[in-house]
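User: I am new to this structure and would like to go through its salt bridges. Please give the reasoning behind each label.

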Amino acid sequence: MAIFVLIPGGWQGGWVYQKVVDLLTAGGHTALPITLSGLGDAPAPTANLDTHIGEVVEVVTAQQEKVILVGQSYGGMVVSGAADAVPSQIGALVYVDAYVPDDGDSLWSLTTPRFRDVFIAGATADGLTCAPPAHLDPRCRPHPIGTFLQALTLSGRWRKVPRKTFIGAFGWEGSPFRDLHERLSRDPEWSTFAFDCGHNVARLNPKALVEVLLTQV
């Protein structure tokens with residue numbers, strides 16, 4: 001049986017993985033969905049990327065065996081940072097329609113002008129948080145803007161994790177991940193999958209997502 005640590009994308013909490021958690025636990029696995037600082041009931045407008053990475057590292061190091069670390073969208077930034085900090089405690093990395101940064105990258109630098117405009121518009125209220133787009137689930141919370149802007153410092157140790165997987169979701173317009181999926185599909189260190197669904201894979205196609213996750217066990 002495996003331990004899965006599940007990191008949501010922007011504006012979302014661990015609730016986004018509920019269907020995935022139900023399927024994994026029904027199979028006897030442990031599933032730990034994370035709600036990062038500022039994305040639950042308590043605001044944390046000054047949280048940055050280091051804050052979120054530290055929270056995930058704390059969860060990972062509390063486990064008695066290696067974990068499978070999963071992140072969607074923004075969660076890919078946290079996955080890479082946590083894996084770089086404690087690579088020996090992680091058995092596999094799964095990026096779900098997610099950013100895969102190199103040293104010095106930020107989400108801001110990696111994303112497209114369309115999403116930079118979303119971040120700017122969302123930050124007009126207080127300059128510290130980015131309001132969720134209106135079409136998202138009402139449980140979404142303003143996202144600490146520093147986590148989108150801070151550049152990630154990576155030593156490269158995250159690449160020592162033996163299994164790395166990227167899932168591209170290609171059933172929505174304007175994805176910033178198509179070129180990334182194509183590039184990683186040519187990299188022998190990566191396994192890649194393509195889903196015909198919207199960006200929010202955990203909610204839209206949880207069964208297919210779990211099938212991929214179980215290949216990492």
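**Salt bridges and burial**

Analyst: In this predicted model, Lys164 and Glu189 pair through their side chains in a salt bridge, with N to O at 4.0 Å.

User: What makes the pair of Lys164 and Glu189 a salt bridge?

Analyst: The definition asks for a side-chain nitrogen of Lys or Arg within 4 Å of a carboxyl oxygen of Asp or Glu. Lys164 and Glu189 have an N to O distance of 4.0 Å, so the pair is counted as a salt bridge.

User: Which parts of the chain does this pair tie together?

Analyst: Lys164 belongs to strand β7, while Glu189 sits in the loop between α7 (178-185) and β8 (190-195), so parts 25 residues apart in sequence are tied together.

User: Why is Lys164 called buried?

Analyst: Buried means under 20% relative accessible area. Lys164 has 4% relative accessibility, so the residue counts as buried.

User: Why does Glu189 count as partly exposed?

Analyst: Glu189 has 45% relative accessibility. Partly exposed covers values between the 20% and 50% cut-offs, so Glu189 gets that label.

User: How do you know that Arg159 and Asp102 form a salt bridge?

Analyst: Their closest N and O atoms are 2.8 Å apart, and the limit is within 4 Å, so the pair qualifies.

User: Is Asp137, which shares a network of salt bridges with Arg139 and Arg203, buried or exposed?

Analyst: Asp137 has 18% relative accessibility, so Asp137 counts as buried, the cut-off being under 20%. Arg139, at 40%, is partly exposed.

Definitions and conventions. Residues numbered from 1 in each chain as written. Predicted model: local features only at pLDDT ≥ 70, side-chain atom pairs only at ≥ 80, totals over all residues. Heavy atoms only, no water. Buried < 20%, exposed > 50% of the residue type's maximum accessible area, 1.4 Å probe, protein only. Helix = DSSP H or I, 4+ residues; strand = E, 2+ residues; numbered from the N terminus.
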